[in-house]
Amino acid sequence: MFTLVRWHARAGIARHFISSQQGHFAICNYRTVCSVKGTSHLNPSSSLRSTTSGLFRGHIRVQHQRSRSFSTSNPQSKDRATASSSLLFFVAFASGVVGFTVAKSSLFSQTGGHGSNKTQFGTPEDIQKAIGELKTAFKESDEAKVSTDLDDLRTHGFSPNDHLPGVNHSVVVYPESTEDVVKVVKIATKYRVPITAYSGATSLEGQYRGHAAGGICVDMANMDRIISINEKDSDLVCQPGIGWVDVNNTLAEKGIPLFFPIDPAPGATIGGMISTGCSGTNAVRYGTAKGEWFLNATVVLPSGEVIKTRRRSRKSSAGFDTTKLFIGAEGTLGIITEVTIRLTPVLPTTVAVVHFPDVQKATEAVGDILQAGVGIQCVELVDDRFITAINKFGMSSRNYPEKDSLFFKFQGPTTSSLKETAAIVKTITQKYGGEGFRVAKTETEADELWSDRKNALYAGLALAGEGALGWPTDVCVPVSKLPELVMETKKDIADAGLNATIVGHVGDGNFHAQIIFESEEGRQKVKEVVKRMIKRAIALDGTCTGEHGVGIGKKEYLNEELGEGTVKLMKTIKNTIDPLGLFNPGKLYPDDPPEVSKS
């Protein structure tokens, strides 16, 4: 069974993110009628140019959250807390049936998540006992922290964001503190029940899927508070369930001229961002999650022990950098419950767009621009198909030339510095055939231009119309190799008879493809195209994923990319920290080859 991104050409629930110059976002929920430009809309001033990479998070989380704010709130309705014993029995029974049915799948084995063929999980009866003990453990504080509601289980085990198979968890727990997480972990260990952390639900490689054996999903929605803002130190301490957009909005509301620059999908939360090792459009200027933006983390280990990876000082040479051990670990080594993040000054920005004869010319121009040392905060590549989709289906007030294009966000301390950067960039782009160079004249126009770039997901899906399915993926290569990779991938997609849009963080060699299909036959074609794209990227000394992470979807490529020795080291660390293999099993680590019986 596959859950896929579906495009409904007439209407859809949208979460609208309007970006401001500094990377802050205003958020509102509304229903948007998505149709060909020029027809009526429920909200004429709203547009499809919304920042859609976080759309689904808003739709998913509203199913189990009545309120969302900085102060801890209870996302569960009271009727869930009083679920009948018959429903509990049904869920436990169904979980067992699903577990034993799907366990034969190559994606979800009955073994641990570190690829071991030896780890055994608890039985369906053990899971039922664990659920009962969880309800007892949280009864005095709030029974609604433990949910076996069928809608909750499906929401947390499936995703509309990707093409990967979904499996329900057996129970969802909503902790409010590190102590709550410790309780959950100890019960999971007692009954050998898989445990998976869940946060923003924006991941694209199946990172929060349930396991065939059943399991506990730990939803961090209630751990969404800012604990302290240290303006003079340019850092902030928070819980993992808060979104980076919420952090930046709060700083702006308080008049603090700082922001957190790592900008993946707007629905992404701090805990998920650490766990995936993400980045975003600002990476060319500020780097990725694997830089120094996460100073420390409080983590509950599989043993139930709580550690803090380091102090709050800006730098430290005291031993291993254990913070980074958990960045990109995808919840397989521990559950993060508190984080200290670095902040950076908000600087004036503006946006520009320019069009090129082809992708190669555009990416070659970027190389020269970056070498010029001008103030570039973001530089984004969109291909001609993306522009076609924006013009045809978007609600933008402008029509772009349907060519491969670059969107820039310039940054500088003064208006004159922005003008100087724009002049230098314009001169360089003209050398590579760039035309139609346009700089926003106002802050509103800059927001609108950047929102056009952000409309990648729905614009791509709109190309194929109602009922279309999308397979989003990303790879990353050295910047000098990007033109070759993009050109060969575009040709491969065309030769396969598929439609796709390509959007790239061209300043750091990372690009995304949203490949469209409408049938099982088309899905198989896309699967092969994606495999060739990944193989091509690795052959160019690149990676199978620049920022989406590994999850289920890309773990098969890790041996080829990193080498068996490196993967073995990763598994050794995993086995040491999580010897029972309970934390997010089936993700990140390539499966071990099946054991051959000796005769």
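Colleague: Which helix gives the most to the lining of the largest cavity?

Modeller: H8 does, with five residues. Keep in mind that this is a predicted model, where local features need pLDDT of at least 70 and side-chain atom pairs count only at pLDDT 80 or more, while totals for chains, interfaces and linings use all residues. Residues are numbered from 1 along each chain as its sequence is written, and side-chain values use heavy atoms, with hydrogens and water left out.

Colleague: What makes this space a cavity, and what would make it a pocket?

Modeller: On a 1 Å grid over the protein atoms alone, a cavity is a set of points where a 1.4 Å probe fits but cannot get out; a pocket is an open set with protein on both sides within 12 Å along at least five of seven lines. The whole structure has six cavities of 30 Å³ or more, and the largest has a volume of about 1000 Å³, counted as the space filled by probe spheres set on the points.

Colleague: How do you know which residues line the largest cavity, and how many are there?

Modeller: Lining residues have an atom within 4 Å of a point. The largest cavity has 50 of them, and Thr202, Ser203, Leu204, Ala265 and His548 lie nearest its centre. Among the elements that supply at least two residues each are helix H8 (270-276), helix H14 (443-454) and strand S19 (469-476). By class there are 20 nonpolar, 25 polar and five charged residues; Gly counts as polar and Tyr as nonpolar here.

Colleague: And what does the largest pocket hold?

Modeller: The largest pocket holds about 750 Å³ of space. Of its 33 lining residues, Lys290, Ile327, Gly328, Met570 and Leu588 are the closest to its centre. H19 brings the largest share of this lining, four residues, and the classes come to 15 nonpolar, twelve polar and six charged.

Colleague: Why are S8 and S12 called edge strands?

Modeller: Two strands pair if DSSP finds at least two bridges between them. The order of this open, antiparallel sheet of five strands is S8-S9-S13-S11-S12, and strand S8 (226-230) and strand S12 (306-308) each pair on one side only. Inside the sheet, S11 and S13 pair over six bridges, with Ala297 opposite Val339 in S13.

Colleague: What makes the four-stranded sheet open at S4 and S6?

Modeller: That sheet has the order S4-S5-S7-S6 with mixed pairing. S4 and S6 each have a single partner strand, so one side of each is left without a neighbour in the sheet. S4 and S5 run antiparallel and are joined by two bridges, and Val146 stands opposite Val173 in S5.

Colleague: How do you know that H11 and H13 pack, and which residues make the contact?

Modeller: Contact means heavy atoms within 4.5 Å. Ala365, Asp368 and Ile369 of H11 meet Val425, Ile428, Thr429 and Lys431 of H13, and these divide into four nonpolar, one polar and two charged. The helices, DSSP runs of H or I with at least four residues (strands are E, at least two), pack at about 145° with axes 9 Å apart. Angles run from 0 to 180 degrees between N-to-C directions, with axes fitted to C-alpha atoms.

Colleague: What is the handedness of that crossing?

Modeller: The crossing of H11 and H13 is right-handed: the near helix is turned clockwise from the far one by less than a right angle, whereas anticlockwise would make a crossing left-handed.
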